[in-house]
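Reader: I should be grateful for a close look at one part of this structure, followed by an account of how the other parts are arranged. Please proceed step by step, as I am in my first year of study.

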Amino acid sequence: MTVTQPTAGAAGLSEYLAVHPAPVMAADALIRDGSGRVLIVDPSYKEGWDLPGGMVDDEEPVAALERELREELGIRGARVGRLLAVDSMPKEVYGRAHVACVYAVHPRRPPALEELVLQREELLAAEYVTEREALRRLPEPLRRRVRAALRASLGSHTAQLRQGRPVPVDLKDHYALLPSPMMAAAALITDTRGRVLVAEHSYDHGGGSPFGLPGGMVHAQESPRRGAARELAEELGLTGVPVGRLVAVDSTPARTYGRALDVHVFTVGPLTDDQVAAIGFPDGEILAVHWLAPEEALAVLPAQIGNRLRYGLRALAAGTVAHLEGGLPQPGSAVGLPPARRAPLEEGGAGPAAAADRLATRAKALTTVAVLLTDPAGRVVLAREGESGWSLPSAPVAGDTGETPRPAARRVLRERLGRDVPPGALLAVDWVPGAASGCEGARVLPETLHVYDGGVLLEAEAAADGAWAGAAVGREWADAAAGTGGAAGTAGTASAIGAIGTAETEGTTESCAPGATRAAEADRVRGACDVAGTTDAGAPGATRTADTARVTSAGDAAGTADAEGTTDSCAPEATRTADTARVTGAVDTSGVDGAVGTEAAPHAGAAAEATGAGGPRGGSGAVGLLAVPLERLETVLPAADAARVRECLVVRECGTGAVELVAGRPARG
């Protein structure tokens with residue numbers, strides 16, 4: 001047959017297509033009942049069973065399939081879904097080239113067999129059968145085509161076939177055609193008040209609930225973290241807000257969505273008030289957001305989404321990642337495994353992964369070291385990084401690199417204070433219980449804190465090039481230690497080390513602890529070692545408790561009126577109030593910001609260059625130092641931290657060996 005090229009214009013193209021030779025086309029339906037069985041039919045015009053469907057007339061394939069289902073089976077209103085397979089056959093098979101398409105079809109409800117109205121001149125029977133049975137009954141090459149369509153129904157691709165066999169593809173296409181789970185990213189967003197963001201969506205999350213977490217499907221060319229960032233911008237208009245760490249992965253089986261779904265839950269925030277105010281709804285998927293306490297959020301979220309929040313918050317507090325399936329913690333998940341399910345693992349449950357599962361499900365604790373240093377006047381040296389509070393110079397033990405506590409303490413001395421010397425004796429091991437965080441069950445990891453003796457930090461060492469804050473603070477350290485305060489108000493000099501209890505009033509300095517008082521204070525600490533004639537090395541447990549009480553009272557007595565009428569060395573109550581204000585001011589203004597002032601910054605850079613240190617734990621923030629008299633410890637430190645310092649001072653003075661503490665207090669039992 002000879003066909004001339006079409007003339008210009010739509011009319012010419014229509015004439016050309018009307019006489020152009022074309023392959024025949026068929027459209028078949030993959031229909032399942034509520035049990036997942038496949039509907040097959042027995043046609044009267046050929047051997048073997050077949051899928052419902054038929055030939056395409058001068059119409060679109062989807063319209064042809066809808067017509068065939070209506071005519072052959074009496075199925076009306078069925079929704080023709082995605083194309084699962086396309087199979088082409090050469091003309092040698094049927095006399096003309098043939099293209100067969102298999103579509104996923106979803107009736108409004110799967111019709112029962114007795115509800116089907118068979119076109120008797122074309123169909124002898126219809127049955128729902130299992131996939132295995134359907135493949136057994138279907139002839140070749142239809143069997144291969146249906147097998148490929150069934151496999152494609154589990155993934156996101158369309159099978160491209162030639163006579164029922166996959167068309168050879170390159171490696172990228174091969175991986176693109178593999179069935180795989182869907183992937184989504186969700187955001188666990190918090191604000192500075194500890195509330196979580198619950199999104200009210202324009203669609204149903206199941207059970208009629210519109211409430212969920214912000215997020216959505218991860219695209220093929222992005223990571224889950226990038227997908228979360230994109231969804232934040234699209235759904236909430238939040239750009240430039242960093243996506244935090246992964247706290248949960250929840251796998252949903254295929255029975256829910258037809259394909260398995262892995263949801264990665266990331267933390268975002270805490271958002272500032274300005275960021276909260278900037279939230280909008282650009283794509284319309286979210287209608288409103290609600291800031292709720294965690295318990296309130298769990299009450300409105302669907303169960304599985306609520307579990308992602310619950311175990312995500314637990315993992316956030318514990319520094320772990322929750323492994324969930326269907327919203328429930330699995331063996332090996334670091335948080336949330338119920339005791340009843342954990343017990344068999346602890347008892348050596350069966351399976352090659354039992355040992356690893358036991359390790360993963362055991363409770364975790366952090367290991368940290370701290371160094372106790374004092375200045376020549378007996379004051380305790382505290383450190384602060386960035387906006388954190390004051391504490392003994394400390395750092396986590398890098399156990400993942402094989403570091404042990406004592407080398408970690410030496411690293412603290414080197415990186416924080418420029419003292420590349422070994423630490424002294426171990427003074428205390430303190431177990432700090434984890435505190436509740438967020439919703440029920442969420443707890444911060446407990447911590448084992450090893451406190452080592454760092455000795456006395458002299459003014460010369462504080463001013464050495466290796467000192468973290470640089471040589472510019474040397475004179476101030478010496479002045480503060482001597483009680484003169486001479487450099488405390490010098491313009492342009494950064495205050496990296498301050499002395500609590502030293503006040504400046506119109507250029508004069510008032511000392512709350514003159515030399516005699518400081519000497520008496522030191523005597524009181526040393527006196528704690530000798531109670532009723534007990535020697536330093538032999539202080540029994542009861543004496544140790546009394547020692548601690550005396551050291552504590554030594555701190556409490558300074559700056560307060562004595563029961564026997566001794567007046568406060570800082571005089572009247574009005575002065576004490578002023579002292580408190582000055583102490584607060586010292587905490588707020590000493591150290592961090594000043595440590596990188598116009599004069600100190602060059603020295604700090606030189607110190608870093610000389611020691612090879614780029615900052616504490618690799619950071620670039622400045623470290624501030626503060627020298628605190630014993631009587632002011634509780635003003636600066638939390639009660640447990642102050643108690644820990646006092647216990648360590650007793651051990652240092654008495655030489656009795658390390659003490660076991662719980663939250664800063666001697667362990668009992």
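Author: Let us begin with strand 18, which pairs with strand 20 (residues 394-396) in the antiparallel sense, over three bridges. Please keep in mind throughout that the model is a predicted one. Within this antiparallel pair, Val 369 of strand 18 is placed opposite Ala 395 of strand 20. Strand 18 also pairs with strand 22 (residues 447-456), here in the parallel sense and over nine bridges. In that parallel pair, the residue facing Thr 368 is Leu 449 of strand 22. In a regular strand, side chains point alternately to one face of the sheet and to the other.

How many of the nine residues of strand 18 are buried? The count is seven, and strand 18 (residues 366-374) is therefore largely enclosed by the rest of the structure. A residue is called buried when its relative accessible area is under 20%.

With this strand in view, one may turn to the chain as a whole. The protein chain contains 22 helices and 28 strands. Of its 669 residues, 43% are buried. The chain exposes about 32400 Å², and carbon and sulfur atoms supply 55% of that area. If one takes the contacts between residues at least 6 apart in sequence, 63% of them join residues at least 24 apart.

A second sheet deserves attention. Six strands form an open sheet with mixed pairing, and their order is 3-1-5-4-7-8. Strand 3 (53-55) and strand 8 (165-166) are the edge strands; each has a single partner strand, so one side of each lacks a neighbour in the sheet. At one of these edges, strand 8 is joined to strand 7 (residues 159-162) by two bridges, and the two strands run antiparallel. Within this pair, Leu 161 is found opposite Pro 166 of strand 8.

Helices pack on this sheet. Helix 2 (residues 61-73) touches strand 1 (24-30), strand 3, strand 4 (79-89) and strand 5 (98-106). The direction of helix 2 makes about 120° with that of strand 3. Helix 5 (residues 142-153) likewise packs on the sheet, where its contacts are with strand 1, strand 4, strand 5, strand 7 and strand 8. The direction of helix 5 makes about 140° with that of strand 4.

The loop between strand 7 and strand 8 holds Gln 163. This residue has a positive phi, near 55°, although it is not a glycine. Is Gln 163 buried or partly exposed? Its relative accessible area is 33%, so Gln 163 is classed as partly exposed. A comparable description applies to Ala 663, which lies in the loop between strand 27 (659-662) and strand 28 (665-666). Ala 663 is a residue other than glycine with a positive phi, near 55°. Because its relative accessibility is 27%, Ala 663 counts as partly exposed. Such values merit notice because most residues other than glycine have a negative phi.

Most peptide bonds, moreover, are trans. The bond from Glu 140 to Pro 141, however, is cis, with omega near 0°. Pro 141 belongs to the loop between helix 4 (131-137) and helix 5. A cis peptide bond also joins Gly 269 to Pro 270, with omega of about 5°. Pro 270 is part of strand 14 (residues 261-271).

Consider next a single helical residue, Glu 231, which is located in helix 7 (residues 224-236). Its relative accessibility is 9%, and Glu 231 therefore counts as buried. The side chain of Glu 231 makes a polar contact of 3.1 Å with the side chain of Arg 230. When neighbours within four places in sequence are set aside, Glu 231 is in contact with Gly 215, Gly 216, Met 217 and Leu 236.

Finally, what is the count of disulfides? A disulfide is a covalent bond between the sulfur atoms of two cysteines. The test applied here requires a pair of cysteine sulfur atoms within 2.5 Å. By that rule, the count is zero. Among the cysteines, Cys 101 has a relative accessibility of 5% and so counts as buried. Cys 648, with a relative accessible area of 0%, is buried as well.

Conventions: Residues numbered from 1 in each chain as written. Predicted model: local features only at pLDDT ≥ 70, side-chain atom pairs only at ≥ 80, totals over all residues. Heavy atoms only, no water. Buried < 20%, exposed > 50% of the residue type's maximum accessible area, 1.4 Å probe, protein only. Helix = DSSP H or I, 4+ residues; strand = E, 2+ residues; numbered from the N terminus. Pairing = 2+ DSSP bridges. Polar contact = N/O pair within 3.5 Å; in protein donor to acceptor, adjacent residues only side chain to side chain. Contact = heavy atoms within 4.5 Å. Axes fitted to C-alpha atoms, helices over the stretch in contact; angles between N-to-C directions. Areas by Shrake-Rupley, 256 points an atom, 1.4 Å probe, with all protein chains shown as cover.
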